[in-house]
Amino acid sequence: LFLSSPLLLLLSSPLLSSLLLSSPPLLSSVALRDNRIQLHRSTSTELSITITEVQLSDEGEYTCSIFTMPVRTARATVTVLGVPGEPQISGFEEEVQEGGKVTLTCSSTGSKPPAKLRWYREDQELQGRPDVVESTPGEPTYKVVSELTLEVSRSDDNALIICAVDHPSLSPGDKRSERPLRVLFTPNVQIQPESDLPREGEKFQLECMGNGNPEPSSYNWEKKDGELPPLAKVDGAFLRFESLNKSDNGVYLCQANNDIGKSQGEYTLLVQDPTAMSTSSGVDHAVIGGVVAVIVFILLCLLIVLGRYLIRHKGTYLTHEAKGSDDAPDADTAIINAEGGHSGAEDKKEYFI
């Protein structure tokens, strides 16, 4: 509002506080009922106030009146956002067995307007049930509750489930809570050999790796279609061979057990001669041999092409010997035949490469 003559102004707020002053200033400001509202600037053309520690009760319509004839009034509406509280996740205090279902609940209070809750598994958004919005008794704020039901697998073990609050008063990711899932499952068994090339006469061992929740409590080793070799020793998750023999060849089975169940893995042992080369060395030689064969093939093709080219471009030249001169009985006759029959004689051709 712009003022050009002595005026009396009254500023009122939803708190029923008022600020009275004149222009030019003749009166000091009247004491406000809430000291959070203070006069910021008062000039002949401007009147402004500040509100500190904004509260939800500050929301409403603010009126500025100029006591002229007639009285002029301007109004402004202030909307105060209720900042939601940190989301709280509940529902998986206990571990869940693979294949089971778990229902998670996320809640946040103090939002205005009502916040929206979003679910994530790591960085992948999940679809939960529609949010339930409840009014807070005696307050203009809301409590928001969301539920998420999951059918869990072993890949969900230790996965982070995240509940994030989406609200105009917050930047993305400002308020979120996360909880790791704990899934119980049977061991996933793999047998790891000590080396890829077990040689006769060497020490060797197999390790049974059982990844499960909980961790395997015991391991059982056996040989398919037979008994374990006499020199093979079972040491928990390890099967150790003091000296490999070709009679040790066969399929070995390892069973890992935990409180949820048991699983089995297998490994085929093939003992090599002591002079056997490693697999990687064999692969290198095969590659080198292949390259040499290609080079030889290319050289042979070039030789064949060159030979065909030379054959197609043969040289010719004419001789001065008359046809039949070789059959003359003496030199004179040969000269006569050459002089008389040269024009009708055919050219004698010789070829060279």
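How many helices and strands does the protein have? There are two helices and 22 strands, taken as DSSP runs numbered from the N terminus (H or I over at least four residues for helices, E over at least two for strands). The model is a predicted one, so local features need pLDDT of at least 70 and side-chain atom pairs count only at pLDDT 80 or more, while totals for chains, interfaces and linings use all residues. Residues are numbered from 1 along each chain as its sequence is written, and side-chain values use heavy atoms, with hydrogens and water left out.

On the whole-protein level, 31% of the 353 residues count as buried, meaning under 20% relative accessible area with a 1.4 Å probe and protein chains only. The accessible surface adds up to about 22800 Å², and carbon and sulfur atoms hold 53% of that; areas come from the Shrake-Rupley method with a 1.4 Å probe. Looking at contacts (heavy atoms within 4.5 Å) between residues at least 6 apart in sequence, 59% link residues at least 24 apart.

Now for the nonpolar cores, each a set of buried Ala, Val, Leu, Ile, Met, Phe, Trp, Tyr and Cys residues joined through side-chain atoms within 4.5 Å. The largest has 20 residues, and the ones touching the most other members are Val102, Leu104, Trp119 and Leu150. Strands β9 (101-111), β10 (116-121), β13 (142-151) and β14 (160-166) each put at least two residues into this core. Beyond its neighbours within four places in sequence, valine 102 is in contact with Gly91, Phe92, Val96, Leu148, Thr149, Leu150, Val152 and Leu181. Another core, of 16 residues, lies apart from the largest one and includes Ala232, Leu244, Ala256 and Leu269.

Turning to one of the sheets, three strands form an open, antiparallel arrangement in the order β18-β21-β22, where pairing takes at least two DSSP bridges between strands. β18 (218-223) and β22 (262-269) are the edge strands, each paired on one side only. Neighbouring strands here are turned by 20° against each other on average, direction ignored, with axes as lines fitted to C-alpha atoms. β18 and β21 (residues 250-257) run antiparallel and are joined by six bridges; tyrosine 219 has alanine 256 in β21 as its bridge partner.

β21 also holds leucine 253, which counts as buried because its relative accessibility is 8%. Its C-alpha atom sits 5.8 Å from that of tryptophan 221, 32 residues away along the chain. Outside the neighbours within four places in sequence, the contacts of leucine 253 include Ile191, Trp221 and Gln264.

Key: Axes are lines fitted to C-alpha atoms, for helices over the stretch in contact, and angles run from 0 to 180 degrees between N-to-C directions. Buried means under 20% relative accessible area, exposed over 50%, partly exposed in between (1.4 Å probe, protein chains only).
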